[in-house]
2 protein chains.
Amino acid sequence: MKIERTNRMSLVDQVVLQIEELIESGTWTVGTRLPSEMELMEQFDVSRNTLREAIRALVHSGLLQTKQGSGTHVCSTSALGAAIERRVSKSRLQETLEVRHALEREAARLAAARRSEEDVGRLRLYLDNCRQASAVRNQEAYAEADIQLHQAVAAATRNHLLIELYEHMTEALHSSVRNLVELSFCTDVHEYIHEKLVEGIAAQNEEAAAEAVNEYMAYLKDLLSTSLEE
Amino acid sequence: MKIERTNRMSLVDQVVLQIEELIESGTWTVGTRLPSEMELMEQFDVSRNTLREAIRALVHSGLLQTKQGSGTHVCSTSALGAAIERRVSKSRLQETLEVRHALEREAARLAAARRSEEDVGRLRLYLDNCRQASAVRNQEAYAEADIQLHQAVAAATRNHLLIELYEHMTEALHSSVRNLVELSFCTDVHEYIHEKLVEGIAAQNEEAAAEAVNEYMAYLKDLLSTSLEE
DNA sequence: ATAAACCAATCATCCTACAAATTTGAGGTG
DNA sequence: CACCTCAAATTTGTAGGATGATTGGTTTAT
């Protein structure tokens, strides 16, 4: 039994909760355009002010997006992304990288312990995509394949909280420093580490997988320090 | 130059930003009671609706707290805590523990690399507090000293993002499972790991510190699995 | 067919009014 | 004086109306 935190919930909070439920349940998917304020007022049986306060709260949380004259659209299914992005944007790059690597190292260990054969197949596929993009020096394709590979590692952990946090940290990182795309450029070291990571996970060798991430981190830190000296 | 995301910011967003600034700058510290809506309307020169939408957004973010008839108070300086707590409350305990341990392992490594002599002093102090509480079997004091110790480890990393995330994960963990307080009860294993962790950091031995966290994690996972079988 | 003008839908802001919860303080009582 | 009672003032919560600004589509004129 979940009592409403010592007293009854305000109307605004009730509307917020109902909208969140509609989004999380998938009734309103990302991109969906919500009914107009008038219709929502009738649907929830609240006044304009109450409805607008609820919507404004969700807009600020990053779940909704409103545009005058156009309407309100579902923007995301989780409020974590916006909160993390705001916080990360105020951090130094090195701090953010260290946190992301903390998640990645754990992901590598858990993936090695829990990966299925399907996971290994996906990892090898994305690794191959990386190699092909690297061979033709297609930086854009490489960056995409690189992200897919790392997210496949996270996915193999079966830990949805970890998957989501890693994804949000990666997004926040990329949106805060577009100029450092070279961090995910194709290099021999990068390739060697990718292979060690994937094969470590395939062999269910936690230590090898974690060590690959360690090397990746040391490599990035080195790259970053020389990059900042310029 | 930071243009306001392709068009001018709405009045509500401007007010939100100003209030956030007042909180982050420390002008309004946690616990401070905000001026009444009337006064804030004059201060920001906006209507009551606009002001209320801004306040409601910050309430939902976890920065403010309103109580009818009483007023509005500052609740936190960061919106991350509330977002994390919401997300963690929907996760399984094991998932949350794995993420927290990812952060803790990285914290142990970085602390070993960067700790000052003052950090070592604090760590040994809190370790001693743990021992004393353990000696007299004072569970409450032990839990507090335990938290202080782990946060001191995070603090020694000098990575404020990591510190904040670890703190929020710990809070979310504790508020979501009050019934598992025994996780931080005093045991010999617990003490042995604490000592290994602190001494590893003092000796600037990253591997030893990380290994201590690994052992702690294995111990907790074991405890958890037997606890769930009951 | 193209471009300009128009129009309907929608969100943004402001206003007033009243309800509900809390705090404050005046006045009475021992 | 200390303490209780209760009404008034303060403060947030909810309702409803009015107007402005922006967008997207439609119509109209060339």
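I count a residue as near a molecule or strand if one of its heavy atoms lies within 4 Å of it.

**Ground rules.** I am reading a predicted model, where local features need pLDDT of at least 70, side-chain atom pairs count only at pLDDT 80 or more, and totals for chains, interfaces and linings use all residues. Residues are numbered from 1 along each chain as its sequence is written, chains are lettered from A and ligands numbered from 1 in the order in which they are written, and side-chain values use heavy atoms, with hydrogens and water left out.

**DNA strand D.** I looked up who surrounds this strand and found 25 residues, with L11(A), R48(A), R8(B), E37(B) and R48(B) coming nearest. Of the strand D atoms within 4 Å of the protein, 61% are sugar or phosphate and the rest belong to bases. Next I checked polar contacts (pairs of N or O atoms within 3.5 Å). The side chain of R48(A) places an N or O atom 2.8 Å from a base nitrogen of strand D, and a polar side-chain atom of Q68(B) is 3.5 Å from a base oxygen of that strand. On the backbone side, an N or O atom of S47(A) sits 2.9 Å from a phosphate oxygen of strand D. For elements I use DSSP runs numbered from the N terminus (helices: H or I, at least four residues; strands: E, at least two). By that count α3(B) gives the most to the surface near strand D, four residues.

**DNA strand C.** Here I found 23 surrounding residues, the closest being R8(A), L11(B), N49(B), T50(B) and Q68(B). Sugar or phosphate makes up 73% of the strand C atoms within 4 Å of the protein. Phosphate oxygens of strand C turn up three times in my notes: 3.3 Å from a polar side-chain atom of R33(A), 3.0 Å from a polar backbone atom of E37(A), and 3.1 Å from a polar side-chain atom of T66(A). The largest share of this surface, three residues, comes from α3(B).

**Symmetry.** I superposed the chains by least squares on C-alpha atoms of residues with pLDDT of at least 70 in both. A rotation of 180° with 0.0 Å of shift along its axis brings chain B onto chain A, RMSD 0.1 Å. That is the relation of a two-fold axis. In chain B, A57(B) has the C-alpha nearest the axis, 2.0 Å away.

**Hairpin in chain B.** Strands pair if DSSP finds at least two bridges between them; β1(B) (residues 64-67) and β2(B) (residues 71-74) do so in the antiparallel sense over four bridges. I noted H73(B) as the bridge partner of Q65(B). Three residues lie between the strands, and G69(B) takes a positive phi near 85°.

Note on methods: A polar contact is a pair of N or O atoms within 3.5 Å; within protein, one must be able to donate a hydrogen and the other to accept it, and residues adjacent in sequence count only if both atoms are side-chain atoms.
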